[in-house]
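User: Please take a close look at how the strands of this model are paired. I would welcome one connected account that then continues to the helices packed around them.

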Amino acid sequence: MSQNVGATSFDAFISYRRKGGSEKAQLVKSELLQRGLSDERVFLDTHSLHEGNFEAKIRDAISQSKNVIVIISQGCFDEVRQTDYWYLEISEALRQGKNIIPVLFDDISSISRLRMPEYLEELKEKNCVTYQHEYANAAFDKLYSFLGMGTATHTPKRGCMMKYRGCMFSIMLAFIGLLVLTPIAKSVFENDVTDSTSGITAEVLEPSESPSSSSERVSRLDTDNSDRQLASTGNTEQEEDHGVAASASPKSEEYKLAWATYKGDLNKEGKPHGPGELLITKSHTIGEQDAMPGEVIKGHFENGKIRIAQIHKNNGSVITLRDITLKE
C-alpha cells in the first residue's frame, strides 16, 4: 500500500532493507497498530513509491515523521548499491535530527558490533530495542514507549489472559525470591566460593537495551552472576539459610516424569530434593517457559519443586527459574 506523502504527518516512519527486512517491518507495524497507533500515521513504503521523485518523497515523508524506526536484520549492512535508498533514509533521518529507534532482529544483541558506513556510525548511539520471540510483547511495549506515546494500551489476545496473570504471579515470586536470596549471594561471594560459573561473560541473556550508565550495567551483571551461583550450588548451608529441613540421608537416583528424566538427589518420599538436573524428553510448559526436548534444567530442587535453577535452551540461551512445582 502506497501512502499519500504530504497529506498527513506520521507518528513513525519504518525504514527497512527489503531483502531480509520486509516481513519484520510488517510485524513492527502490526504490533504498533495493536497498541493504539492508527494505520494512516505509520509510514511503511511497501510499493517503493515509484511515482515522481523518489528521493524527494523519502525526505518529505521523514520530515513529516516524529520518529524513525530502523529495522536491523542479519546482513543488512553487507549490501551496498549504487543508489541505496535504505542508507539514504537513515542518513536523512540523522541529518534531520529525528528520534531514531533501531530494532534488532535475528539474534543481534548489540548494534555497536555491526560494521556500517562511517556516515551512519551515529546510529550506534541510539537507544535500541532487541527483539526475541519469547519476549516479543515486552520488546514492542518498549518500542511504543520510545516513540513517546506513553504506555501501550493494547488488549491481550483471546486465550492469553491466564498467561498474563501467571506472569504477574511469577514476577511477584521473583521479587520475593530476590529479597531472600540477596544476602545468601553476598555471603557466597564474600567467602570466595567459586565454580564453573566463574567464567561467565558479560553477555546479557534476556532482551535489553543499552544501559544508560555503567553503574546500571554492573548492577545487572551482579544479579546475573548471583542467579547462576545460586542455581549451581546445592550445599547444606544454603538449605539451612532457607529453613529447609534435610530429610534423612538423601539418595541419588533417577526419577522419571512423563516429560523429563531427573538425575540427582531425592528425599525420603522419592521426590527431587537437592542438586540435580532435568533432561527434557517431551515438550512441556514450566511456569511461563516452554521447554523443548533436549533442553536441560540444572539447579537446586526442594521436595519435588524447583527452588532455583537454570534452563539451558537449544538456541544457546540460559533462563533462570525460581519456585516452580514440577507437574507430572
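Analyst: Two strands are taken to pair if DSSP finds at least two bridges between them. The model discussed here is predicted, and the account begins with strands β11, β12 and β13.

Strand β12 covers residues 305-312, and strand β13 covers residues 318-325. These two strands run antiparallel and are joined by 7 bridges. Within this pairing, Ile308 has Arg322 in β13 as its bridge partner. The connection between β12 and β13 is a hairpin with 5 residues between the strands. In that turn, Gly316 has a positive phi of about 95°.

Strand β12 also pairs with β11, which spans residues 296-302. This pairing is again antiparallel and extends over 7 bridges. Here Lys298 has Gln310 in β12 as its bridge partner. β11 and β12 likewise form a hairpin, with 2 residues between them. Asn303, in the turn of this hairpin, has a positive phi of about 50°.

A further set of strands is arranged in parallel. Five strands form an open sheet in the order β2-β1-β3-β4-β5, with parallel pairing. β2 (42-43) and β5 (129-130) stand at the edges of this sheet, and because each has a single partner strand, one side of each is left without a neighbour in the sheet. The partner of β2 is β1 (residues 12-15), to which 2 bridges join β2 in the parallel sense. In this pairing, Ala12 stands opposite Val42 of β2. Helix α3 (residues 85-95) packs on the sheet and touches β1, β3 (67-72) and β4 (99-104). The direction of α3 makes about 140° with that of β3.

How many of the residues of α3 are buried? The helix is mostly covered, with 8 of its 11 residues buried. These are Trp86, Tyr87, Leu88, Glu89, Ile90, Glu92, Ala93 and Leu94. The list thus includes two glutamates, Glu89 and Glu92. The buried residues of α3 pack against β1, β3 and β4, and also against helix α2 (54-63).

A second packing arrangement involves helices α1 and α4. Two packed helices are described by the angle between their axes and the distance between the axes. For α1 (residues 18-34) and α4 (residues 136-146), the angle is about 75° and the axes are 10 Å apart. Angles of 65 to 115 degrees count as roughly perpendicular, so α1 is roughly perpendicular to α4. On the α1 side, the contact is made by Leu27, Val28, Glu31 and Leu32, which meet Phe140, Leu143 and Tyr144 of α4. By class, this contact has 6 nonpolar residues, no polar residues and 1 charged residue.

Asn137 also lies in helix α4. Partly exposed residues fall between the buried limit of 20% and the exposed limit of 50%; Asn137 therefore counts as partly exposed, at 33% relative accessibility. The C-alpha atoms of Asn137 and Glu31 are separated by 8.7 Å, although these residues are 106 residues apart along the chain.

Finally, two cysteines deserve mention. Are Cys76 and Cys128 buried or exposed? Buried means under 20% relative accessible area; Cys76, with a relative accessible area of 2%, is therefore buried. Cys128, at 4% relative accessibility, counts as buried as well. The structure holds 0 disulfides.

How values were computed. Residues are numbered from 1 along each chain as its sequence is written. This is a predicted model: local features need pLDDT of at least 70, side-chain atom pairs count only at pLDDT 80 or more; totals for chains, interfaces and linings use all residues. Side-chain values use heavy atoms; hydrogens and water are left out. Helices (H or I, at least four residues) and strands (E, at least two) are DSSP runs, numbered from the N terminus. Contact means heavy atoms within 4.5 Å. Axes are lines fitted to C-alpha atoms, for helices over the stretch in contact, and angles run from 0 to 180 degrees between N-to-C directions. A disulfide is a pair of cysteine sulfur atoms within 2.5 Å. Buried means under 20% relative accessible area, exposed over 50%, partly exposed in between (1.4 Å probe, protein chains only). Angles under 35 degrees count as roughly parallel, over 145 as roughly antiparallel, 65 to 115 as roughly perpendicular and the rest as oblique. Ala, Val, Leu, Ile, Met, Phe, Trp, Tyr, Cys and Pro count as nonpolar, Asp, Glu, Lys and Arg as charged, and the others, Gly among them, as polar.
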